[in-house]
Amino acid sequence: MLDGQVHVVTGAGRGIGLAMARALVEAGASVVVNDVDAQVAEEAVAAIRASGGQAVAAVAAIGEAEAADLCIATALESFGRMDGFIANAGVLRDAILWKATDEDFDLVLRTHLRGAFTCGRACARHFRETGEGGVLTLVSSVAGQRGNVGQTAYSAAKAGVAALARTWSMELARAGVSVNAIVPTALTRMVATIPGLGEAVEAAERGEPIPHRLRNELGIGTPDDVAPLAVFLASEEGRRITGQCIGIGGDRLSLWSHPQEVALARKDGGWTPQEIARAWTDDLSLHLQTVGIDQKT
Ligand SMILES: NC(=O)c1ccc[n+]([C@@H]2O[C@H](COP(=O)([O-])OP(=O)(O)OC[C@H]3O[C@@H](n4cnc5c(N)ncnc54)[C@H](O)[C@@H]3O)[C@@H](O)[C@H]2O)c1
């Protein structure tokens, strides 16, 4: 499906990134495995090569422009081209707002949002220069779409990532670059600290089957359940899709809506506070929106 293609996956030493890198290789691509952790990056490369695939490591902390440049330079030097880039690298530093620290906020924003920005900008320059188009895949999250208690920095960063996908799909359309955001859920080291999920992560790591309720109702499976979406988006058919936030996890696959006005009133000359109060009661308040992650779906 992807024979001859070359893809970069950031944060691919473990978790969802590793699963996506492996799946891209299985589909015929060569991959650059980026991770800030040199050991897991080298282990991932060794495992892919041992299975007959082509992979090379690019060890760097995503967030700075140099790290994005290194990933692309590694693809070009090792394989002579780059067809796709998945900006997946991420960290969690959860804390309720009043306990959140500046340092943790900066780390999360730097890794997810600045990381997506620096990688996306480097890709835009590369793809515009080659004129061959390409695939840029970002990784958002349900917390970014809906908000989540204890995830100030993370939900802000991931909402920003979804916004980047929307903006870049417009800016890069003429260059033939598709830009989408995956909204994944999977039992990985990252979610092991979330109350109720630690035991499920340990069980999944032992190879035990994931309960049906988790997979089917909550959409939480393994990283391998997420990976096929990365392959599909890199395929000929997938490359026609752009500007979308696509959810995948366990047995679930979904398309997210983008924010839009759900109620609208107009008044010539603008509004007084009293008129707003009346419009609020009579109209807008009938369309109040819910927030937070729906645990029942
Ligand atoms: N697991 C989920 O349910 C879930 C849900 C929503 C979004 N996501 C997103 O999916 C992506 C992958 O998460 P995961 O669950 O596989 O986590 P993970 O912790 O298993 O893997 C993340 C990898 O990124 C690497 N990394 C961290 N900071 C980095 C940096 N600055 N530069 C390069 N590599 C870095 C880590 O070393 C690690 O190998 C993240 O962007 C995460 O926010 C995951």
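## Helix 9 and its surroundings

Helix 9 is mostly covered, with nine of its 12 residues buried, in what is a predicted model. The buried residues of this helix are P223, D225, V226, A227, L229, A230, V231, L233 and A234. They pack against two groups of elements: the strands are strand 1 (6–9), strand 4 (84–87), strand 5 (134–139), strand 6 (177–184) and strand 7 (245–249), and the helix is helix 1.

The length of helix 9 (residues 223–234) is in line with expectation, because 12 residues at 1.5 Å a residue should span 16 Å and the end C-alpha atoms are 18 Å apart, which agrees.

## The chain as a whole

The chain contains 10 helices and eight strands. Its radius of gyration is 20 Å, which agrees with the value near 19 Å that a compact globule of 297 residues would have, and the C-alpha trace spans about 70 × 45 × 40 Å along its principal axes.

Of the 297 residues, 44% are buried. Among contacts with a separation of 6 or more, 69% join residues that are 24 or more positions apart.

## The shell around the ligand

The ligand is surrounded by 29 residues, of which G11, G15, G90, T188 and M190 are the closest. By character, the shell divides into 12 nonpolar, 13 polar and four charged residues.

Helix 1 (15–26) and strand 2 (30–35) each supply at least two residues of this shell, and the largest share, three residues, comes from helix 1. Helix 1 is also one of the elements against which the buried residues of helix 9 pack.

## N88, in the loop after strand 4

Is N88, a residue of the loop between strand 4 and helix 4, buried or exposed? N88 counts as buried because it has 31 C-beta neighbours inside 10 Å, where 20 or more are required.

Leaving aside residues up to four places away in sequence, N88 touches V9, T10, G11, A12, I16, G17, M20 and V139. One of these, G11, is also among the residues closest to the ligand. By contrast, the C-alpha atoms of N88 and M170, which are 82 residues apart along the chain, are separated by 21 Å.

## Helix 4

Helix 4 (residues 102–130) has 29 residues and reaches 40 Å from its first C-alpha to its last, close to the 42 Å expected at 1.5 Å a residue. The helix nevertheless bends by about 40 degrees at R110, and it is followed by G131, whose phi is positive, near 70 degrees.

## Two positions on other helices

A50 has its place in helix 2 (residues 38–50), and it counts as exposed because it has 8 C-beta neighbours inside 10 Å. Its C-alpha atom and that of T118, 68 residues apart along the chain, are separated by 32 Å.

T167, which belongs to helix 6 (residues 152–171), counts as partly exposed because 13 C-beta neighbours lie inside 10 Å. T167 and G243 are 76 residues apart in sequence, yet their C-alpha atoms are 7.7 Å apart in space.

How values were computed. Residues numbered from 1 in each chain as written. Predicted model: local features only at pLDDT ≥ 70, side-chain atom pairs only at ≥ 80, totals over all residues. Near = placed C-beta within 6 Å. Helix = DSSP H or I, 4+ residues; strand = E, 2+ residues; numbered from the N terminus. Nonpolar A, V, L, I, M, F, W, Y, C, P; charged D, E, K, R; others polar. Rg over C-alpha atoms; globule rule 2.2 N^0.38 Å. Contact = placed C-beta atoms within 7 Å. Expected span 1.5 Å × (residues − 1). Bend = angle between axes of the 7 residues up to and from the residue.
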